[in-house]
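Me: I am new to this structure and would like a close look at one part of it. Please keep the sentences short and walk me through what surrounds that part.

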Amino acid sequence: MEFIDYYKILEIDKKATQAQIKKAYRKLARKLHPDLNPNDKTAQEKFQRVNEANEVLSDPEKRKKYDQYGKDWQHADAFEEAKKNQRSSSTGNRRSYSSAGGSNEDFSDFFESMFGGAGGGFSGGGRQRSTQYKGQDLNATLKLNLLDVLEDQKQTLDLGAKKIRITIPAGVEDGQTIKISGYGGEGANGGPKGDLYLTFEINNNTNFQRVKNDLYKNESISLYDAILGSSIEVETLTGKVKLKVKPETQNDTKVKLKGKGMPVYKKKGVHGDLYITYKVTMPTKLSEKEKELFKQLSELR
């Protein structure tokens, strides 16, 4: 496996903090995202590499293994286990690998003997052993508008080296991550492929506020409608509905429209609610006659 310098890919120093790694990833991911470079294969491949680098370096445990073992970091646990077995073995003809005094060549020799190459299989008591390892997990981000997630929809994801077609369930939330099994890196020794972790960025392109599965919206009503009552039309995500405003409705009165909120993730036909808050608007530029009538009303009260 060719060594990939993840620090170089993210354009950061090896002593970079987690905050610096996060900042560098976001900058490059925005620059190289397939949506912004639809016909640029080079940018798409770089985008995939940036995701791989972030997946490793943003995880302290994976980063530690990568810093110590380089290209063989995914098999670090196997190396440590074999090293432990060799320490406890009384057999003197086995090769010794020490992380304290060993070199990168030691690691490479060990991994070559375990996972294939000129050295063959790793020998233990004359028996060849070949361990399967799951491939590397990948991370990707998909940007959608709020109106896009009102129904299930199919999307084609460009992962650089390949394209996959997936169905996105209605109701996914901003920041939600879903796992797509088997679409990560190739496994070692016939091991299973890694997984793809897809994170959603939902842009709210409406005048509704979303809180989980519920929606919130302010609706202006006139002073006269608030006092006398009225019938008004309000917008929902699925069209207009009529509402009756009760006489003497107070400012900031809230009414609930059941089932007019967001679809609930992976619950077909189930929706949250829509909450309408009435905002009473005061009349302006009153005529002298209107002022007189309000004065009479005031005296009647």
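In which loop does histidine 33 lie?

Reply: Keep in mind that this is a predicted model. Histidine 33 lies in the loop between α2 and α3. Helix α2 covers residues 18-32. Histidine 33 has a relative accessible area of 9%. Buried means under 20%, so histidine 33 counts as buried. Its side chain also has a polar contact. The partner is the backbone oxygen of threonine 141, at 3.2 Å.

Now follow the chain into α3. This helix spans residues 41-57, and β3 spans residues 138-145. Both take part in the lining of the largest cavity, each with at least two residues. Helix α3 gives the most, with four residues.

What is that cavity like? The count comes to one cavity of 30 Å³ or more. About 70 Å³ of space lies in the largest cavity. Its lining includes Gln44, Phe47, Gln48 and Asn51. Leu138, Asn139 and Ala140 are also among the lining residues. So too are Asp158, Leu159, Gly160 and Leu196.

Next comes helix α4, residues 60-69. Aspartate 59 caps its N-terminal end. There, a side-chain oxygen of aspartate 59 lies 3.0 Å from the backbone nitrogen of glutamate 61. The buried residues of α4 are Arg63, Lys65, Tyr66 and Tyr69. Seen down the axis of α4, these buried residues fall within an arc of 165°, so they line one face of the helix. A general rule helps here: an α-helix has 3.6 residues a turn, so residues three or four places apart point the same way. On the other side of α4, Pro60 and Lys64 are exposed. Just after α4 comes glycine 70, with a positive phi of about 60°.

Further along the chain there is a sheet to look at. Four strands form this open sheet, in the order β8-β9-β13-β12. The pairing is mixed. Strands β8 (209-211) and β12 (254-257) stand at the edges. Each has a single partner strand, so one side of each is left without a neighbour in the sheet. From one strand to the next, the twist averages 30°.

Look last at the β8 edge. Strand β9 covers residues 214-222. Strands β8 and β9 run antiparallel, and three bridges join them. Within this pair, glutamine 209 stands opposite tyrosine 216 of β9.

How values were computed:
Residues numbered from 1 in each chain as written. Predicted model: local features only at pLDDT ≥ 70, side-chain atom pairs only at ≥ 80, totals over all residues. Heavy atoms only, no water. Buried < 20%, exposed > 50% of the residue type's maximum accessible area, 1.4 Å probe, protein only. Arc of directions from axis to C-beta. Polar contact = N/O pair within 3.5 Å; in protein donor to acceptor, adjacent residues only side chain to side chain. Pairing = 2+ DSSP bridges. Axes fitted to C-alpha atoms, helices over the stretch in contact; angles between N-to-C directions. 1 Å grid on protein atoms, 1.4 Å probe; cavity = no way out; pocket = protein on both sides within 12 Å on 5 of 7 lines; lining within 4 Å. Points joined across faces, edges and corners; volume = space filled by probe spheres on them.
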